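Trainee: I've got a protein model open and I'm not sure how to read it. Could you walk me through a few features?

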Amino acid sequence: RAKSDGKGIFKVYSPEMGNKMRRYHYLLEELRLAVACKDFYLSFQPIVHVEDCMIEYFEALTRWDHPIEGMIAPSEFIPIAEESNLILELGDWIMYESCRQMAAWHNAGMRKVKISVNVSGVQLKHRSIFEWVMKNLKNTGLPSHSLMLEITESTFIKASKGMIEELERLREHGVTIAIDDFGTGFSSLSTLADLPIDVIKIDRSFISQADKSQKYNDILNIISELGQKLGLKIVAEGVEEIEQFELVKRMGVSSVQGYLVSRPESSANVGNKVLRKNTGNLFAAGTSAWEI
Ligand code: C2E
Ligand code: MG
Ligand code: MG
Ligand code: MG
């Protein structure tokens, strides 16, 4: 039982903590099983160009539909997978499956679109990222210029010299590198110039605050300007409203991702919506994303 002295000085244990720990250990064991059975699937969310709204990338987002619990959010299971190193085996599946799917879409005619895959810091630490990515490209037949890796700002801050060098080598081979959730990791802006990156993905929190607060609006402007000066492409995450779309477009952001354009979709829906209509344009005249 939880013990509280009522003065709230030391609270070593509470029932809520117990519940959290039980849930954690339960999910950890379930995750072990799911990883062994490859019981996951990928959802794909388009990233479109602000000018013509053509799809440039699909971000692969991992989904876990648990037989009893139902959908479990990546924000809950990815950290557990990272802390247990299960992300290594899961991440192998994610990378292979993402590249395999994109190669299949390429062969079906969707040639210009790239696949964007989230890579965790744990994977960078335990895998030779260069060899690992090249092996997946070779095994799936996906060209290197059709792959983007998303690495969070907080991972970049902790990255070793060796990791940075491997990412640089991947870039030399045509792989695109994006810094994900930018603005949340407190890296100094000056380090941006030295990182082996091509794309900045500005975190959703800035987009959702920007039309409400001048402060966030200013920060967005500065990131956008700096990115452009450094020759980087800028993606705005989490664009939900047409006003946000117009705002980031005015700021010089090159591409947008968010519910306004499309929610993440199953591979079957992507195939149907994009390949059947034989076009990559998702977002005509500011109307609903997939209707054209
Ligand atoms: P992320 O990489 O920043 O991915 C974008 C997240 O924002 C996705 O959430 C996406 O569904 C959500 N999103 C996109 N547009 C909007 C919008 O307009 N409004 C709102 N409210 N949300 C939007 P999701 O799929 O739940 O993933 C959450 C995070 O979990 C990801 O953030 C990423 O950090 C992690 N994650 C997901 N899949 C993977 C994976 O395969 N590997 C790794 N290492 N991490 C993953
Ligand atoms: Mg991402
Ligand atoms: Mg992101
Ligand atoms: Mg994010």
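Mentor: Sure, we'll go through the metal sites, the salt bridges and a charged surface patch. Keep in mind that this is a predicted model.

Trainee: Let's start with metals. Which residues coordinate the magnesium ion (ligand 2)?

Mentor: The general idea is to look for donor atoms, that is N, O or S within 2.8 Å of the metal. Here, the magnesium ion (ligand 2) has donors from Glu59 (OE), Asn118 (OD1), Glu150 (OE) and Asp180 (OD), at 2.0 to 2.3 Å. Along the sequence they follow the pattern E-x58-N-x31-E-x29-D.

Trainee: What does a pattern like that tell me about the fold?

Mentor: Check where the donors sit. Asn118 belongs to strand 4 (residues 114–118) and Asp180 to strand 6 (residues 176–182), so this pair ties together parts that are 62 residues apart in sequence.

Trainee: Are those two buried or exposed?

Mentor: For that, use relative accessible area: under 20% is buried, over 50% is exposed, and in between is partly exposed. Asp180 has 4%, so it's buried. Asn118 has 30%, so it's partly exposed.

Trainee: And which residues hold the magnesium ion (ligand 3)?

Mentor: Asp180 (OD), Asp181 (OD) and Glu237 (OE) do, at 1.6 to 2.7 Å. Their spacing along the chain is D-D-x55-E. Asp181 is in strand 6 and Glu237 is in the loop between strand 8 and helix 10, so that pair ties together parts 56 residues apart in sequence. Glu237 is buried at 10%, while Asp181 is partly exposed at 24%.

Trainee: Asp180 came up twice there. How far apart are the magnesium ion (ligand 2) and the magnesium ion (ligand 3)?

Mentor: They're 3.5 Å apart, and Asp180 coordinates both.

Trainee: Next up, salt bridges. How many does the structure hold?

Mentor: To spot one, find a side-chain nitrogen of Lys or Arg within 4 Å of a carboxyl oxygen of Asp or Glu. This structure holds twelve. One of them joins Glu56 and Lys233, at 2.6 Å from N to O. Glu56 is in strand 2 (residues 55–66) and Lys233 is in strand 8, with their positions 177 residues apart, so to speak: they link distant parts of the chain. Glu56 is buried at 15%, whereas Lys233 is partly exposed at 23%.

Trainee: Where does Glu59 fit in, apart from the metal?

Mentor: Glu59 meets Lys201 in a salt bridge, at 2.9 Å from N to O. Lys201 lies in strand 7 (residues 199–202) and Glu59 in strand 2, so the two tie together parts that are 142 residues apart in sequence. Both Lys201 and Glu59 are buried.

Trainee: What about Arg171 and Glu168?

Mentor: They form a salt bridge too, with their closest N and O atoms 3.5 Å apart. Arg171 and Glu168 are three residues apart in helix 7 (residues 161–172), which means about one helical turn separates them. Arg171 is partly exposed at 27%, and Glu168 is partly exposed at 30%. Elsewhere, salt bridges with shared partners join Arg23, Glu69 and Glu76 into one network.

Trainee: Last one: which residues form the negative surface patch?

Mentor: For a patch, look for like charges at the surface that have no salt bridge. In this model, Asp211, Glu240, Glu241, Glu243 and Glu246 make up a negative one. Take Glu240: it sits in the loop between strand 8 (233–236) and helix 10 (242–250), and at 41% relative accessibility it's partly exposed.

Notes: Residues are numbered from 1 along each chain as its sequence is written. Chains are lettered from A and ligands numbered from 1 in the order in which they are written. This is a predicted model: local features need pLDDT of at least 70, side-chain atom pairs count only at pLDDT 80 or more; totals for chains, interfaces and linings use all residues. Side-chain values use heavy atoms; hydrogens and water are left out. Donors are N, O and S atoms within 2.8 Å of the metal (3.2 Å for Na, K and Ca); water is not among the atoms, so sites may look incomplete. Helices (H or I, at least four residues) and strands (E, at least two) are DSSP runs, numbered from the N terminus. Buried means under 20% relative accessible area, exposed over 50%, partly exposed in between (1.4 Å probe, protein chains only). Patches are made of residues with over 30% relative accessible area and no salt bridge: like charges are joined within 9 Å, nonpolar side chains (Val, Leu, Ile, Met, Phe, Trp, Tyr) within 5 Å. Accessible areas come from the Shrake-Rupley method with a 1.4 Å probe; for residues, only the protein chains shown count as cover. Lys and Arg count as positive and Asp and Glu as negative; His and the chain ends are not counted. The place of a charge is taken as NZ of Lys, CZ of Arg, CG of Asp or CD of Glu.
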